[in-house]
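Biologist: I am new to this structure and would like a close look at a single part of it. Could you take one helix and walk me through what it holds and what surrounds it?

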Amino acid sequence: MYGGQVHLYSPMLFALGFILLFTIGGLSGVLLANASLDLAFHDTYYVVAHFHYVLSMGAVFSIFAGIYYWSGKIVGYIANEKWARIHFWTFTIAVNIVFLPMHFLGLAGLPRRYPDYADAYIGWNTLISYGSFLTFLSVLIFLFLISNTLFANKKVYLSPVLYSKFLK
């Protein structure tokens, strides 16, 4: 992106979302690199949040960026840009609602691998549940977008770099 002209189409939005989530996960990893803090955070939700920000969401955002970028070449159809952006914003907000409070739960000492938790943690866990429902909604948006792309969109014969005029 450095030195180039950045167009904020859906593949670039997902690439920037990857950078954002990977950076948040990396900053939480700095705390885990400290041996005394790692001892305190070990087996808490803080480690779960760090892991999901770095590995899980990094991989998922990269996959979505690749799907939106290469769909024109792979299947011959491009996704509806409006719905792709709705998917991006819904998914980004949803995963941050799910995983960001886990940092606070880990700092408060909520252990992982427990079937139940103390009532003191109910507020953050309720927010995480709402974020999970929003994540499911964003997956439904993506499935709608894929079906719409395959069955109701126009054919593309250009390379992904050249079809940006169709995305407007």
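What follows is a close look at one helix, and then at some of the parts around it.

Modeller: Before turning to the helix, please keep in mind that this is a predicted model, in which the chain has a mean pLDDT of 87 and 90% of its residues reach 70 or more. Confidence is lowest in α2, at a mean of 89, and highest in α4, at 94. Where pLDDT is low, the predicted coordinates should not be read in detail.

The part I would choose is helix α5, which runs over residues 122–151. At 1.5 Å a residue, the 30 residues of α5 should span 44 Å, and the C-alpha atoms at its ends are indeed 44 Å apart, so the expected and the modelled spans agree. The buried residues of this helix are Asn125, Ile128, Gly131, Thr135, Ser138, Ile141, Phe142, Leu145 and Thr149, and they pack against α3 and α4. In reading that list it helps to know that an α-helix has 3.6 residues a turn, so residues three or four places apart point the same way.

Threonine 135, one of these buried residues, repays a closer look. Its side chain reaches the backbone oxygen of glycine 131 at 2.8 Å, and glycine 131 is itself among the buried residues of α5. If neighbours within four places in sequence are left aside, threonine 135 is in contact with Phe91, Ala94, Val95 and Val98. Phenylalanine 51, by comparison, is 84 residues from threonine 135 in sequence and 18 Å from it in space, C-alpha to C-alpha.

The aromatic residues offer another way of seeing how α5 relates to its surroundings. A search of the whole structure finds 16 aromatic pairs. In one of them, phenylalanine 88 and tryptophan 89 have ring centres 4.9 Å apart and planes at 70 degrees, so the pair is edge-to-face. Phenylalanine 88 is buried, with a relative accessible area of 4%. In another pair, the ring centres of phenylalanine 104 and tryptophan 124 are 5.1 Å apart and the planes stand at 35 degrees, so this pair is tilted. Because phenylalanine 104 lies in helix α4 and tryptophan 124 in helix α5, the pair ties together parts that are 20 residues apart in sequence. Phenylalanine 104 counts as partly exposed at 39% relative accessibility, and tryptophan 124 likewise counts as partly exposed, at 36%. There is also one aromatic cluster, formed by Phe14, Phe61, Phe64, Tyr68, Phe88, Trp89, Phe91 and Phe142; of its members, Phe142 is a buried residue of α5, and Phe91 is a contact of threonine 135.

Tyr68 from that cluster leads on to helix α1, which covers residues 10–33 and includes serine 10. Serine 10 counts as buried, at 3% relative accessibility, and, apart from neighbours within four places in sequence, is in contact with Tyr68, Glu81 and Ala84.

Finally, the loop between α4 (81–107) and α5 holds arginine 113, which has a positive phi of about 65 degrees although it is not a glycine. Most residues other than glycine have a negative phi. Arginine 113 counts as exposed, at 65% relative accessibility. Aspartate 43, in the loop between α2 (35–41) and α3 (45–74), also has a positive phi, of about 60 degrees, without being a glycine, but aspartate 43 is partly exposed, with a relative accessible area of 28%.

Methods:
Residues numbered from 1 in each chain as written. Predicted model: local features only at pLDDT ≥ 70, side-chain atom pairs only at ≥ 80, totals over all residues. Heavy atoms only, no water. Helix = DSSP H or I, 4+ residues; strand = E, 2+ residues; numbered from the N terminus. Contact = heavy atoms within 4.5 Å. Polar contact = N/O pair within 3.5 Å; in protein donor to acceptor, adjacent residues only side chain to side chain. Buried < 20%, exposed > 50% of the residue type's maximum accessible area, 1.4 Å probe, protein only. pLDDT = per-residue confidence, 0-100. Expected span 1.5 Å × (residues − 1). Phe/Tyr/Trp six-rings, centres within 6.5 Å; stacked < 30°, edge-to-face > 60°.
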